[in-house]
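Student: I'm new to this structure and would love a close look at the place where its domains meet. Could you walk me through that part and then point out a few backbone details elsewhere?

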Amino acid sequence: MTTSTPTVCIVGAGPAGLTCARVLQRHGLAVTVYDADDAVDSRDPGGTLDLHADSGQIALADAGLTDAFAAAARPEGQAKTRRDHHGAVLAEFTPAPGDEAAPEIDRGRLRRLLDDHLRPGTVRWGHRLVRITPLGRGAHRLEFADGTAVDADLVVGADGAWSTVRPLVSDAVPQHLGVCFLDARFDDVDTRHPDLAALVGAGHLFANDNDGRAMILQRNGNGVVRGYLAFRAAPDWQVAAGLDLADPEGVRAHLVKEFGHWSAQLRSLVTRNDGDFVPRSFRALPAPLTWEHVPGVTLIGDAAHLMAPFGGHGANLAMLDGAELALALVAAVADPGTAAGLDRAVSGYEADMFARSGPLATSSNEALRQFFATTTPDAPNLPPDHAQEHRNYLARAAAYREERARRAAGAA
Ligand SMILES: Cc1cc2nc3c(=O)[nH]c(=O)nc-3n(C[C@H](O)[C@H](O)[C@H](O)COP(=O)(O)OP(=O)(O)OC[C@H]3O[C@@H](n4cnc5c(N)ncnc54)[C@H](O)[C@@H]3O)c2cc1C
């Protein structure tokens, strides 16, 4: 990295990359984001996300988007019900009025919200990075599938689980966690699937059996419920089962057997989704993952610490990484010293990010294993205490802000 006004290129316009770009622009730094997608809404971005007070919401505040988020978020979506596979309620959580510890927002809505607050043209859609080559002194050349190329002083890999940037800093690759699921969508639930709407309520329904199967259903905006029908299996389970996933009736027949011992009401959910079943699986990078700083390149979000989504930390940490990296760069550029100043800022961000994400990645991966473990009445898989979890988010948010203020006072 050679200049005090560096050319910053972010690869990936997910929550991490867009938040980073927004905070940089807010502080007057130029940045370009490259994404493989053709447009902000060219693919189904997946289900809903809860943005935690101690991470995602801090990043939104850094981005100046707290009010915009509040206008788009669903605090009532924090509700959660846990049932066993017979349908019996094990635990229920209804957020108190004014509980803003972790409101929900649809991913597509969040992506658009962040993109709408960038200068026009900041994101170059339709740019799939295919090669990245070190040029010396921290500079890199990025080559895209459309044949174009660009040189950068700092490359920020925000390109998710299968990052093309990651191999520059680490040879770690995502590992399959032994659980696969089919993503099933239900449309217009209040009129077309009223029993499902009542089961899921305003938020989430978690149901599991004692043998590693689960249904996780979540209310999204616009009358949509998304469901994850999950079971322990190898990544190519459908090949072994002789299934064609494009044949929904064949898949349904398989699922009816897989969930055969579940209550009739819950089992009926596998047979009447709208649209296709989308196969997915849970994967994670080895945790905790760290690397020696490499000049001119870093990672944020899933590219740095892909983890199981049990804890709901992934997008939250991704956004906080983006904001923290941007603020570190802004501080370094505002205090132009030696050329090494920017690299020091990036390696400082990395040290903090490793400390922040490592324990959460480890505990999230363990939470997934426990949720899908074989259990007995003597060792039940107990639901978490969501009210306490929300108090924890708020307490940690206050501590995080205090620590930042203390550091800022120390630096002044
Ligand atoms: C089933 C499931 C449920 C989840 N639930 C939650 C939850 O409730 N709460 C939560 O916080 N997290 C959750 N997560 C995790 C969350 O989705 C991720 O942690 C988050 O999306 C990471 O954001 P990111 O910006 O790092 O990466 P991504 O969102 O993956 O974005 C990466 C971007 O990079 C682009 N890209 C990739 N490769 C290239 C390339 N070669 N060239 C150019 N562009 C490229 C992609 O198009 C994409 O736009 C869940 C994940 C799953 C799988």
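Tutor: Happy to; we will start with the two domains and the side where they touch, then follow the chain to some unusual backbone spots.

Please keep in mind that this is a predicted model. The domain assignment splits the protein chain into domain 1, made of 8-83 + 99-174 + 286-411, and domain 2, which covers 181-283. If you mark the C-alpha centre of domain 1 and that of domain 2, the two points are 28 Å apart.

Now look at where the domains touch. On one side there are 25 residues of domain 1, and they are in contact with 20 residues of domain 2. Two elements to pick out on the domain 1 side are strand E4 (80-84) and helix H12 (340-371), each of which supplies at least two residues there. E4 gives the largest share of that side, four residues. As for character, the domain 1 residues that touch domain 2 comprise nine nonpolar, nine polar and seven charged ones.

Let's stay with E4 for a moment. Its partner is strand E5 (residues 89-93), and the two pair in the antiparallel sense over four bridges. Within this pairing, arginine 82 stands opposite alanine 91 in E5. The hairpin of E4 and E5 has four residues between the strands, and in this hairpin glycine 87 takes a positive phi near 95°.

Positive phi values also turn up in residues other than glycine. One of these is arginine 137, with phi near 55°. You can find arginine 137 in the loop between strand E8 (129-136) and strand E9 (139-144). Is arginine 137 buried or exposed? Arginine 137 has 11 other C-beta atoms within 10 Å, and 12 or fewer means exposed, so arginine 137 counts as exposed.

Aspartate 188 is another such residue, and its phi is near 50°. Aspartate 188 lies in the loop between strand E12 (175-186) and helix H5 (189-192). Here the count of C-beta neighbours inside 10 Å is 13, so aspartate 188 is classed as partly exposed.

One last stop is a peptide bond. Alanine 287 and proline 288 are joined by a cis peptide bond, with omega about -5°. To find proline 288, look in the loop between strand E16 (274-284) and strand E17 (297-299).

Definitions and conventions: Residues are numbered from 1 along each chain as its sequence is written. This is a predicted model: local features need pLDDT of at least 70, side-chain atom pairs count only at pLDDT 80 or more; totals for chains, interfaces and linings use all residues. Domain bounds come from an automatic or database domain assignment. Two residues are in contact if their C-beta atoms, placed from the backbone, lie within 7 Å. Ala, Val, Leu, Ile, Met, Phe, Trp, Tyr, Cys and Pro count as nonpolar, Asp, Glu, Lys and Arg as charged, and the others, Gly among them, as polar. Two strands pair if DSSP finds at least two bridges between them. A residue is buried if 20 or more other C-beta atoms lie within 10 Å of its own, exposed if 12 or fewer, and partly exposed in between; C-beta atoms are placed from the backbone.
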